[in-house]
Amino acid sequence: MNKFVLYLLLFCCGIINAQDKASKFYSVDANYFYGTILEHSPDISHLITDHPTGIILSFQRKTYGFKAWERRYNHPDVGYSFTYQDLKNQHLGENFGLYAHLSFYFLQRNLMFRVGQGLAYASNPYHPDDNYRNNAYGSQILSSTYLMGNFHRENIYKGFGLQAGISLLHYSNADFKSPNSSTNTLTFNVGVNYMLDYENAPEYIAKDSEKIKYSEPVHLNFAVRGGVNTMGIIGSARYPFLTATVFADKVINRKSTLQAGAEFFYSKALEEYIYYQSVAFPNGHTTGDEDANRVGLFAGHQLTFNKLSVITQLGFYVYYPYAEYVDQLYIRAGLSRKLSEHFWASATVRAHGANAEAVEFSLGYRL
C-alpha cells in the first residue's frame, strides 16, 4: 500500500506543478482487451489455461503546451486508470488495478504510448491450504505496471474517437511476501475515447526557442534506500534492508541526466537465507559463515518531467561473496521526485531479470 500511495503522491505533485490552473481539459477512454499470459517462467505454466479478458478505464488531463515541459514532450496526457482482468484460471482469480499514468503521442498524435504504475488487488492469492497452486501472487495487494500502445484518433465525431492496439499488464509484489512468481499478460485492446468540452479545446502550442542547448556541471549525490522483503521462500518472514549509495550525475539537456556510482547493500533477508541453507542442507555448499553484504557499481539514466523523473539503472555486484541468492547483474527502475534544490525522494524496484528482489524507498541529497 505504501508504494502505491507514494506513486500517487509523486504523480499528483507532478501534475499540479506542471499545469496551468486556468486551463483544464480532460478526456476519458474505455478499452476491452483479450490476451494471453506469457510463460516467462516454467513455474507458472500450470496457471496458463485460457485467454484472459478485461477492461481498462482511464481519465486524463490533456496538456496543450502552456508549460515548457509539455511542449518538450509533445503535449502528453496525465491521469488515472482502473483495470479489471479475469485471468481465466480458478487459482489466479480476478485482478483489480488502480494506476497513475502518462500518455505520449507520436506520428501527428495518431500513435499513443501509455505507461501506468499503481496497485492491484488479487481476488484469489496463494494460501497454503485453500489455494496452494497459485505461486504467482503471494499477497492480495500487488504492485502493477501496464504499458499500452494504440493507434489513436480523437474527436472523430462530436468529441468521440476510436483506438486500438496492444497492452502489457504486469503483477508482482516485489518479494514483499512469498511466493512471487508474478504474471505478464499480453493483450489486444480496442476502445473508444471522448474529449470533454471538446468545442473549447485550444490549439497545441508548438515547440519554441527552448532548442537552445542546456547542461549542468557534474553533481555528487548521496542516498539511503530501505524497505522490507523476504528470503524468496514460501512462509518466510519479512526482513529489513538498507542500501547506502553515492553517485555522480551529469545533466546533458533538459530531458536527460546520466548517472554512475557505487552502493553498499545490507540485507537481513540474505543473512537469514544463508542461515536457512546451512541448516536445511547441512551437506551442501553453505556453511552459515558466508558474508551477506554486497557492493555494486551502476550506471543509469534519469528522464525528467518538471520535478518528476523516471529512473533506469543497470548495476553489477563487484563484491558478492554468496552468489547463490540472486544474479550478479541487477536493474533498478522507478520514479524520483525533486523535493527542494538539494533533496529528492524515490520509489524504485530492484530486480535480477524476472526476479524482483525488493521495492526501495530512497531519500537523497544532491550537492
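Let me start with Ser256, which in this predicted model has its place in strand β11. Is this residue buried or exposed? With a relative accessibility of 13%, Ser256 counts as buried, because the cut-off for that word is under 20%. If we set aside the neighbours within four places in sequence, the residues in contact with Ser256 are Lys250, Val251, His301 and Gln302.

To see where those contacts come from, let us look at the strands on either side. Strand β10, which covers residues 239-251, pairs with strand β11, residues 256-267, in the antiparallel sense, and the pairing runs over 11 bridges. These two strands, β10 and β11, form a hairpin, and four residues lie between them. As an example of a single bridge in this pairing, Asp249 has Gln259 of β11 as its partner.

Strand β11 also pairs with strand β12, residues 294-305, again in the antiparallel sense, here over 10 bridges. Which residue of β12 is the bridge partner of Thr257? That partner is Gln302, and you may remember Gln302 from the list of residues that Ser256 contacts.

Now let me move to another residue, Asn135, which does not sit in a strand but lies in the loop between β5 (111-122) and β6 (141-157). Although it is a loop residue, Asn135 is buried, with a relative accessible area of 16%. Not counting residues up to four places away in sequence, Asn135 touches Asp43, Ile44, His46 and Leu47, and also Pro179, Asn180 and Ser181.

Finally, let us step back to the whole protein, which has three helices and 16 strands. Its radius of gyration is 22 Å, close to the 21 Å that the globule rule gives for 367 residues, so the protein is as compact as a globular protein of that length. Along its principal axes, the C-alpha trace spans about 75 × 55 × 25 Å.

Of the 367 residues, 49% count as buried, and Ser256 and Asn135 are among them. If we take the contacts between residues at least 6 apart in sequence, 62% of them join residues at least 24 apart. The accessible surface comes to about 17300 Å², and 61% of that surface belongs to carbon and sulfur atoms. As for charge, the protein has 31 positive and 31 negative charges, and the mean positions of these two groups are 11 Å apart.

Methods
Residues are numbered from 1 along each chain as its sequence is written. This is a predicted model: local features need pLDDT of at least 70, side-chain atom pairs count only at pLDDT 80 or more; totals for chains, interfaces and linings use all residues. Side-chain values use heavy atoms; hydrogens and water are left out. Two strands pair if DSSP finds at least two bridges between them. The radius of gyration is taken over C-alpha atoms; the globule rule is 2.2 Å times the number of residues to the power 0.38. Buried means under 20% relative accessible area, exposed over 50%, partly exposed in between (1.4 Å probe, protein chains only). Contact means heavy atoms within 4.5 Å. Accessible areas come from the Shrake-Rupley method with a 1.4 Å probe; for residues, only the protein chains shown count as cover. Lys and Arg count as positive and Asp and Glu as negative; His and the chain ends are not counted. The place of a charge is taken as NZ of Lys, CZ of Arg, CG of Asp or CD of Glu.
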